[in-house]
Amino acid sequence: MSVHLLLSAGRGPQECAWALARLLLRLEADATRQDLETHRVQTVPGDRSGTYQSVLVQISGAGAEAFAASWTGTLCWQAPSPYRANTSRKNWYVIAQPCQVDTPRTTFAEADVDIVACRTGGPGGQHRNKASTAVRATHRPSGIVVVVDTERQFSLNRRIALQLLRQRLEHGDEVAGRAVTTARRRIHDELVRGDPTRVERPETSKRDRHRHLQP
């Protein structure tokens, strides 16, 4: 099982890119504890060193889907800004959404095509309706149908029909691929600040925790 999760700082301030880098490390550590593997497929750096505007992470292993779901939504890194000492804001938001990375390419095989000889009506000369030279080709897996009657020879129409089917399948794959890319880009604009599904904070040392517990 493998899932891709896109983390994005959206259009937030530079602290959000800093928060994304911290949340990414926290996510990877959490995945390791659950015997899952993570791979940074694509990273877009932020304006400052060690920060990320977005990161595409591949999560692999049993339970990857449930793990990704636990990190999906608005994530909040709660800590003071490392860049602006004069701001009291401590909540920096990042969006994380599962996404499709690519689409399967359609394999074209002539064995998947039904070829039927047929006649077509309409103008075009005396030879058009005297012989079944036209071709009706159906690609069974996709249901795409083409009819070709431009040539007087069945074999030529058959060849053209197969070329048309191949072209339409390739065009369909290109359209599907562009749709996946568009959907992935849209995630960057879907960040909602507030009401996070997960809040993470920097780990405190044992000494800090001891001081906090003292009366």
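# Glu15, Ser81 and their surroundings

Tutor: Let's begin with Ser81, whose side chain forms a polar contact with the side chain of Glu15, at 2.7 Å.

Student: Why is the Ser81–Glu15 pair called a polar contact?

Tutor: A polar contact is a pair of N or O atoms within 3.5 Å; within protein, one must be able to donate a hydrogen and the other to accept it, and residues adjacent in sequence count only if both atoms are side-chain atoms. The 2.7 Å of the Ser81–Glu15 pair falls within 3.5 Å, so the distance condition is met. Ser81 has another polar neighbour: a polar atom of its side chain lies 3.1 Å from the backbone nitrogen of Tyr83.

Student: What should I keep in mind about the model?

Tutor: This is a predicted model, in which local features need pLDDT of at least 70 and side-chain atom pairs count only at pLDDT 80 or more, while totals for chains, interfaces and linings use all residues. Residues are numbered from 1 along each chain as its sequence is written, and side-chain values use heavy atoms, with hydrogens and water left out.

Student: Is Ser81 buried or exposed, and what makes it count that way?

Tutor: Buried means under 20% relative accessible area, exposed over 50%, and partly exposed in between (1.4 Å probe, protein chains only). Ser81 has 12%, which is under 20%, so it is buried. Its partner Glu15 has 1%, and therefore counts as buried too.

Student: Where do Ser81 and Glu15 sit?

Tutor: Ser81 is in the loop between strand E4 (73-78) and strand E5 (91-98), while Glu15 belongs to helix H1 (residues 14-33). Helices (H or I, at least four residues) and strands (E, at least two) are DSSP runs, numbered from the N terminus.

Student: Which residues touch Glu15?

Tutor: Contact means heavy atoms within 4.5 Å. Leaving out residues up to four places away in sequence, Glu15 touches Ser81, Pro82, Tyr83, Arg84 and Trp92. With that exclusion applied to Ser81 as well, its contacts are Glu15, Thr87, Arg89 and Trp92.

Student: Why does the span of H1 agree with what is expected?

Tutor: The expected span of a helix is 1.5 Å times one less than its number of residues. For the 20 residues of H1 that gives 28 Å, and the end C-alpha atoms are 30 Å apart, so the values agree.

Student: How do you know that H1 is largely enclosed by the rest of the structure?

Tutor: Of the 20 residues in H1, 14 are buried, so the helix is largely enclosed. Leu24 is one residue of H1; at 0% it is under the 20% limit and therefore buried. Leu24 touches Arg40, Tyr52, Val55 and Val57, again not counting residues up to four places away. Leu24 and Val55 are 31 residues apart along the chain, with 8.3 Å between their C-alpha atoms.

Student: What stands out about the phi of Asp35?

Tutor: Asp35 has a positive phi, near 60°, in a residue other than glycine. Most residues other than glycine have a negative phi. Asp35 follows H1, in the loop before strand E2 (37-45). At 72%, Asp35 is over 50% and so is exposed.

Student: How does the reach of helix H3 compare with what is expected?

Tutor: H3 (residues 154-186) has 33 residues and reaches 48 Å from first to last C-alpha, close to the expected 48 Å. Its buried residues, among them Leu162, Leu165 and Leu169, pack against strands E1 (2-8), E6 (113-118), E7 (134-139) and E8 (144-148). Arg185 is also in H3, but at 59% it is over 50%, so it is exposed.

Student: What makes Arg48 count as sitting over the ring of Tyr83?

Tutor: A charge sits over a ring if NZ of Lys or CZ of Arg is within 6 Å of the ring centre and within 35 degrees of the ring normal. Arg48 is 4.0 Å from the centre of the Tyr83 ring, so the distance condition is met. Arg198 likewise lies over the face of Trp71, at 3.8 Å from the ring centre.

Student: And what is the overall picture of the protein chain?

Tutor: The protein chain has four helices and nine strands, in the order β-α-β-β-α-β-β-β-β-β-α-β-α. Buried residues make up 34% of its 215 residues.
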